[in-house]
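User: I would like to go through the labels attached to this model and see how each one is justified.
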Amino acid sequence: QAQWSWRQVDLRCLNHVLRKTDTIASGCLAGPQYMVQLRTGIVLFTERENHSLRSFNLETNEVTTIIGRRSQQLGQGNHGHRDGVCKDAWLNRPRGLSVFGNGHVVVADYGNHCIRMISPSLSKIETIAGNPQPGTTDGDGRKATFRGPSDVLVLDDKRILVADDLSGTLRLIVKEGAGWKVKTVAGSGKPGHLDGKGKDAMLASPQALCRLNKTQVLVADTNNNCIRMLDLQT
């Protein structure tokens, strides 16, 4: 039988670590959501209520704010949509994270209804798809629209799968030339439960994605209380 153990410094202790090491955003966490580990060993996590992206060094126990600056009131950090240098950028209730092989980090910016990309050095951020206007329109990069993207999954060096929570759809972002294009690969845009192909299928609040193998992805279909499987080849 497997034996489970916890390190002395784990997520239960992270608030204590944060108060000691993070001078930019000292204080408790507020709604940490999704995490991903970089090749360097650093763990990135999104913090919903403080509208921030932070890193946690497992070796030194250092927590650093990459994007976001909270106010003196817990959960009242600056939020909005601003690209550029990370220390000056804004997020709005960020959720899912995924990483390209070249080190670029993809963020599902839930409250801004868009997908953002951060440079491998964690110094700059840009919006690659969607904009703060919610919708379900496919098309070119920032002209396309999302409604509360909850999770992202990098499939390869040219494709990102998105769980678009409030639209009840799965969207695919594909690199084309210097830009990106968005298309809906599953979901009708209306909540429900129906298996099928493409827009004939129905989901209700898809919120998390997990790569099962080269062609199949598991989807947490939250409001349907079930786990669905997307076949990328059909």
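Analyst: Let us begin with one pair, Arg54 and Glu47, both of which are buried, a term that stands for under 20% relative accessible area, with exposed meaning over 50% and partly exposed in between (1.4 Å probe, protein chains only). This is a predicted model, in which local features need pLDDT of at least 70 and side-chain atom pairs count only at pLDDT 80 or more, while totals for chains, interfaces and linings use all residues. Residues are numbered from 1 along each chain as its sequence is written, and side-chain values use heavy atoms, with hydrogens and water left out.

User: What makes Arg54 and Glu47 a salt bridge?

Analyst: The term requires a side-chain nitrogen of Lys or Arg within 4 Å of a carboxyl oxygen of Asp or Glu; the closest N and O atoms of Arg54 and Glu47 are 2.9 Å apart, so the pair qualifies.

User: Why is Arg142 called partly exposed, and what of its partner Asp83?

Analyst: Arg142 has 44% relative accessibility, which lies between the two limits, and therefore counts as partly exposed. Asp83, which meets Arg142 in a salt bridge at 3.6 Å, N to O, is also partly exposed because its relative accessible area is 27%. Asp83 and Arg142 are linked with Asp109 and Arg116 in a network of salt bridges.

User: How do you know that Ile115 is buried?

Analyst: Its relative accessibility is 0%, which is under 20%, so Ile115 counts as buried. Leaving aside neighbours within four places in sequence, Ile115 is in contact (heavy atoms within 4.5 Å) with residues including Phe146, Pro149 and Val152.
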